[in-house]
Amino acid sequence: MHKGEAGPGCAKVDPIIVADNVRRSFGGVHAVDVDHLEVPRGAITALIGPNGAGKTTLFNLLTGFDKPDEGTWSYDGRDLAGVPAYKVSRMGLVRTFQLTKALGLLTVLDNMKLGATGQRGESFWGGLFPPLWRKQDKDIETRAMQILKKFKLDTKSSDFAASLSGGQRKLLEMARSLMTEPTLVMLDEPMAGVNPALTESLLDHILDLKDEGMTVLFVEHDMHMVRHIADWVVVMAEGKIVAEGDPYAVMKDPAVIDAYLGAHQDVDLGEVTGRIPVQGDGVAAPALSKAEIEAEAEAELAAEEAARKSKRRHDEEDAR
């Protein structure tokens, strides 16, 4: 997946996104200060970091919702600098938001149909002649219902989107993004505020995206969840990329442990970014050995996988 040693800004074998010297400041605050970042194609990449690390701002820059102070970035070999968000979406790069953007006074089905691109009835003159777009509209509706069924929202198709729960709106937003037939899907905290009963369903759908040939980049704070589904992890702090690697390697990084598990209090993310000078002798608290960490991680992952398989088996038996 990567070339050479894993680390901040390391080169990937087949990157779908490449960003160089991307900076974005708000007043005196450096929200994003990324020297180099590559996102591997065909993989699930998790973007993690403390609140205020710049993750959502980076999402906004890459997808055209915000403009950087400087820098260049490309998607699938095409320069995205200055390209507006709607054109980025048409190119096959779609995103979801922390706060869902479903149109509450439209039905679930209508929300889905809005996501389809190239609709003939969207033009002024085309809209005046129903025969030009009626068949296409039926095809779009059929496809929308197929995706809703996959996300178990087909029974809600005629309900207003405003009537859905927070977790169902997350599912709807992810489902709507698939109407564009994307190549890269960027999910901004897809599990935030979701009922635990729907969490496993969302995880399965993210894994399905990869199985269907899409690349996934998502923001998440739950490290156990990241370890369960991510192929690659990028860590941000104070706008910078401070660590990269596979989930197990990243979880052993003292700075990441400090941020998420409350250990290694002598290691400060500010020191890692170079913005804050090292205090004292800079010696971190003793960590578990590599073998102990790997054994614990593998045991937990095996238990999670066994539970998932057991649930699927019971669901299949119930379906029969």
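**Cavities, a pocket and a surface patch**

Thr96, Phe97, Lys170, Glu173, Met174, Leu187, Asp188, Pro190 and Leu202 line the largest cavity of this predicted model. Helix 6 (166-177) and strand 7 (184-188) are the elements that each give two or more residues to that lining. The structure has two cavities of 30 Å³ or more, and there is also a pocket, the largest of which has a volume of about 630 Å³. On the surface, five residues including Phe124 and Trp125 make a nonpolar patch.

**Largest cavity**

- The volume of the largest cavity is about 50 Å³.
- Helix 6 gives the most to the lining of this cavity, with three residues.
- By class, the lining of the largest cavity holds five nonpolar residues, one polar residue and three charged residues.
- Among the residues of this lining are Lys170, Glu173 and Asp188, and these three types count as charged.

**Second largest cavity**

- The second largest cavity has a volume of about 30 Å³.
- Leu37, Leu47, Leu58, Leu62, Leu217 and Val234 form the lining of the second largest cavity.
- The lining of the second largest cavity has six nonpolar residues, with no polar and no charged ones.

**Largest pocket**

- The largest pocket, with a volume of about 630 Å³, is lined by 24 residues, of which Ser89, Val94, Leu114, Gly115 and Thr180 are the closest to its centre.
- Helix 2 (85-90), strand 6 (93-95) and helix 6 each supply at least two residues of the pocket lining.
- Helix 2 gives the most to the lining of the largest pocket, with five residues.
- By class, the lining of the largest pocket divides into ten nonpolar, eight polar and six charged residues.
- Helix 6 thus appears in two linings: that of the largest cavity and that of the largest pocket.

**Nonpolar surface patch**

- Phe124, Trp125, Leu128, Phe129 and Leu132 make a nonpolar surface patch of about 630 Å².
- Phe124, one of the residues of this patch, is found in helix 4 (residues 124-127).
- Phe124 counts as exposed because its relative accessibility is 60%, and the cut-off for exposed is over 50%.

Conventions:
Residues are numbered from 1 along each chain as its sequence is written. This is a predicted model: local features need pLDDT of at least 70, side-chain atom pairs count only at pLDDT 80 or more; totals for chains, interfaces and linings use all residues. Side-chain values use heavy atoms; hydrogens and water are left out. On a 1 Å grid over the protein atoms alone, a cavity is a set of points where a 1.4 Å probe fits but cannot get out, and a pocket is an open set with protein on both sides within 12 Å along at least five of seven lines; lining residues have an atom within 4 Å of a point. Grid points are joined across faces, edges and corners, and a volume is the space filled by probe spheres set on the points. Helices (H or I, at least four residues) and strands (E, at least two) are DSSP runs, numbered from the N terminus. Patches are made of residues with over 30% relative accessible area and no salt bridge: like charges are joined within 9 Å, nonpolar side chains (Val, Leu, Ile, Met, Phe, Trp, Tyr) within 5 Å. Accessible areas come from the Shrake-Rupley method with a 1.4 Å probe; for residues, only the protein chains shown count as cover. A salt bridge is a side-chain nitrogen of Lys or Arg within 4 Å of a carboxyl oxygen of Asp or Glu. Buried means under 20% relative accessible area, exposed over 50%, partly exposed in between (1.4 Å probe, protein chains only).
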